[in-house]
Amino acid sequence: MATAHRAGASVDWQTCLDSLTRGARALKVRTSPESRQAMIDYLKHLESWNRTYNLTAVRQPADMVVRHLLDSLAVVPYLAGQRLADVGTGPGLPGIPIALARPAKAVTLVESNRKKAAFLRHVVRALGLDNVEVIQQRVESWHPPAAFDTVICRAFAAAPLALSSLGHLCGPAGQVLLMKGRDPAPELEELPDGFRVAATHELTVPGLDAIRHVVVVEPGLL
């Protein structure tokens, strides 16, 4: 498999697909062969655009499978409801892998960066993602017509700032999922009024030698 990232370098996409299949099985996240192939197609677009627009610091497609696709799929068991907002999604993470793995869910990708939003719209068209909407706007100034069942963010901001920025998107019976690396306990000590930590789960991402957590935050009194 080619490891150098350069224009014209060959990529063994079949090996990437096999790695994704094994990883999804290890996570016990059910995915169809069609959805897994679509995730690889998404990586093809990301790898191509990344040469010019620097959408992600992860350069190698094999690493993208682990750090982007499997890292995103690891939170699927914690999703609730049918309407999901992915805030500060960047190049579509974790929202696009989630939308491909769970096509019955309506996924809204919120991203203020123009180039990243352009990439998201391109991917939505190219992959025919009817269940995905792209919002190019700062989350603080965006007020959707209806609240979401799950609001998720990955590497967006520390918990207090993240909840202050996106908390209004969460319905009274909804939840916010904060994707974190190291133990997030210190940043959970001063949450904004109206939110409480319901649970913190440690995640094991196949092929990733790093600790991951997902924090489940619910509206309610502290």
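Here is a short walk through the sheet of this predicted model and two of the helices that lie across it.

Let's begin with the sheet as a whole. Its 7 strands follow the order 3-2-1-4-5-7-6, and the sheet is open, with mixed pairing. If you look for the strands that pair on one side only, you will find strand 3 (132–135) at one edge and strand 6 (195–203) at the other. Going from one strand to the next, the twist averages 20°.

Now pick out strand 1, residues 83–87, and its partner strand 2, residues 106–110: they pair in the parallel sense, over 5 bridges. A handy landmark here is Val87, which stands opposite Val110 in strand 2.

Strand 2 also pairs with strand 3, again in the parallel sense, this time over 4 bridges. Find Leu109, and you can step across to its bridge partner in strand 3, Val134. To get from strand 2 to strand 3, the chain passes through helix 5, making a β-α-β crossover that is right-handed. Helix 5 itself spans residues 114–127 and lies across both strand 2 and strand 3, with a direction at about 160° to strand 3.

For the other helix, move along to strand 4 (148–154), strand 5 (170–180) and strand 7 (212–219): helix 3, made of residues 61–73, lies across these three. Relative to strand 4, helix 3 runs at about 155°.

One last thing to keep in mind as you trace the strands: when a strand is regular, its side chains alternate between the two faces of the sheet.

Key:
Residues are numbered from 1 along each chain as its sequence is written. This is a predicted model: local features need pLDDT of at least 70, side-chain atom pairs count only at pLDDT 80 or more; totals for chains, interfaces and linings use all residues. Side-chain values use heavy atoms; hydrogens and water are left out. Two strands pair if DSSP finds at least two bridges between them. Helices (H or I, at least four residues) and strands (E, at least two) are DSSP runs, numbered from the N terminus. Axes are lines fitted to C-alpha atoms, for helices over the stretch in contact, and angles run from 0 to 180 degrees between N-to-C directions. Contact means heavy atoms within 4.5 Å. A crossover is right-handed if, with the strands pointing away from the viewer, the path from the first strand over the helix to the second runs clockwise.
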